[in-house]
Amino acid sequence: MYDALAKGLSRVDGDIVGYLNAGDVLFPWAFDVLLEVFSNSDVQWATGYSSQINEQGQVTACWKPPRYRREFVANGFYADPAYPACIQQESTFWSVDLNRKIDLEKLRSFKLAGDYFLWTEFAKH
């Protein structure tokens, strides 16, 4: 999977980057929110709410992410005990400038935890 992701990330030509796995969805307003967030030139990456939906598309649970501290993410701690999951890949987006700093060859080597690699790399910058 991460080999395919590295190939895709190497071909990015937009300003904001993210990806969805099979079965993941974004709310219809997600891109409007992203444009607003990334209009602040200081923003390099952002993660949003995580939610669960049922087969009818109804939200059954929702969690606001905590404010992740750079030094915690860079050192492998990227989940708040009060928050039931770690940084959610499907709600995380980053700038094309940050995308260019990813070591795609190293990303290709992962069988698991490639997302963790991305987050720790982003935290370095």
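1. Which residue forms a salt bridge with Lys124? The partner is Glu121, and the closest N and O atoms are 2.7 Å apart. Both residues lie in helix 6. They sit three residues apart, about one turn of the helix. Glu121 is buried, with a relative accessible area of 12%. Lys124 counts as exposed, at 57% relative accessibility. Note that this is a predicted model.

2. Now the overall layout. The protein chain has six helices and five strands. Along the sequence, the pattern runs α-β-α-β-β-β-α-β-α-α-α. The radius of gyration is 15 Å, close to the 14 Å that the globule rule gives for 125 residues, so the chain is as compact as a globular protein of that length. Taken along the principal axes, the C-alpha atoms fill a box of roughly 40 × 35 × 30 Å.

3. Burial and contacts come next. Buried residues make up 33% of the 125 residues. Take the contacts with a separation of 6 or more: residues 24 or more positions apart account for 62% of them. The chain exposes about 8,100 Å². Carbon and sulfur atoms supply 52% of that area.

4. Helix 6 deserves a look of its own. This helix spans residues 114-124. Nine of its 11 residues are buried, so helix 6 is largely enclosed by the rest of the structure. Among the buried ones are Phe117, Leu118, Trp119 and Phe122. Gly114, Asp115 and Thr120 are also on the buried list. What covers them? The cover for the buried residues of helix 6 includes helix 1 (2-9), strand 2, helix 3, strand 5, helix 4 and helix 5.

5. Just before helix 6, check Ala113. This residue is in the loop between helix 5 (104-108) and helix 6. Its phi is near 65°, a positive value in a residue other than glycine. Ala113 is partly exposed, with a relative accessible area of 40%.

6. Helix 2 (30-38) has two sides. Ala30, Leu34 and Phe38 are buried. Seen down the axis of helix 2, the buried residues fall within an arc of 55°, so they line one face of the helix. They pack against strand 1, strand 2 (45-47) and strand 5 (92-95). On the other side, Asp32, Leu35 and Glu36 are exposed.

7. There is a nonpolar patch on the surface. Its area is about 600 Å². Val25, Phe27, Trp29, Val33, Val37, Ile53 and Val59 make it. Val25 is in the loop between strand 1 (16-17) and helix 2. Is Val25 buried or exposed? Val25 is exposed, because its relative accessible area is 55% and the cut-off for exposed is over 50%.

8. How many salt bridges does the structure hold? The count is five. One of them pairs Arg108 with Asp3, with the closest N and O atoms 3.1 Å apart. Arg108 lies in helix 5 and Asp3 in helix 1, so this pair ties together parts that are 105 residues apart in sequence. Both ends are partly exposed: Arg108 at 24% relative accessibility, Asp3 at 32%.

9. Another salt bridge joins Asp97 and Arg100. Here the closest N and O atoms are 2.9 Å apart. Asp97 counts as partly exposed, at 43% relative accessibility. Arg100 is exposed, with a relative accessible area of 62%.

10. Between those two lies Asn99, in helix 4 (residues 96-99). Is Asn99 buried or exposed? Asn99 is buried, because its relative accessible area is 5% and buried means under 20%. Leaving out residues up to four places away in sequence, Asn99 touches Leu9, Val12, Val17 and Trp94.

11. Last, Val73 in helix 3 (residues 70-74). Val73 is buried, with a relative accessible area of 1%. How far apart in space are Val73 and Val17? Their C-alpha atoms are 19 Å apart. In sequence, the two valines are 56 residues apart.

Note on methods. Residues are numbered from 1 along each chain as its sequence is written. This is a predicted model: local features need pLDDT of at least 70, side-chain atom pairs count only at pLDDT 80 or more; totals for chains, interfaces and linings use all residues. Side-chain values use heavy atoms; hydrogens and water are left out. Patches are made of residues with over 30% relative accessible area and no salt bridge: like charges are joined within 9 Å, nonpolar side chains (Val, Leu, Ile, Met, Phe, Trp, Tyr) within 5 Å. Accessible areas come from the Shrake-Rupley method with a 1.4 Å probe; for residues, only the protein chains shown count as cover. A salt bridge is a side-chain nitrogen of Lys or Arg within 4 Å of a carboxyl oxygen of Asp or Glu. Helices (H or I, at least four residues) and strands (E, at least two) are DSSP runs, numbered from the N terminus. Buried means under 20% relative accessible area, exposed over 50%, partly exposed in between (1.4 Å probe, protein chains only). Contact means heavy atoms within 4.5 Å. The arc is that of the directions from the helix axis to the C-beta atoms. The radius of gyration is taken over C-alpha atoms; the globule rule is 2.2 Å times the number of residues to the power 0.38.
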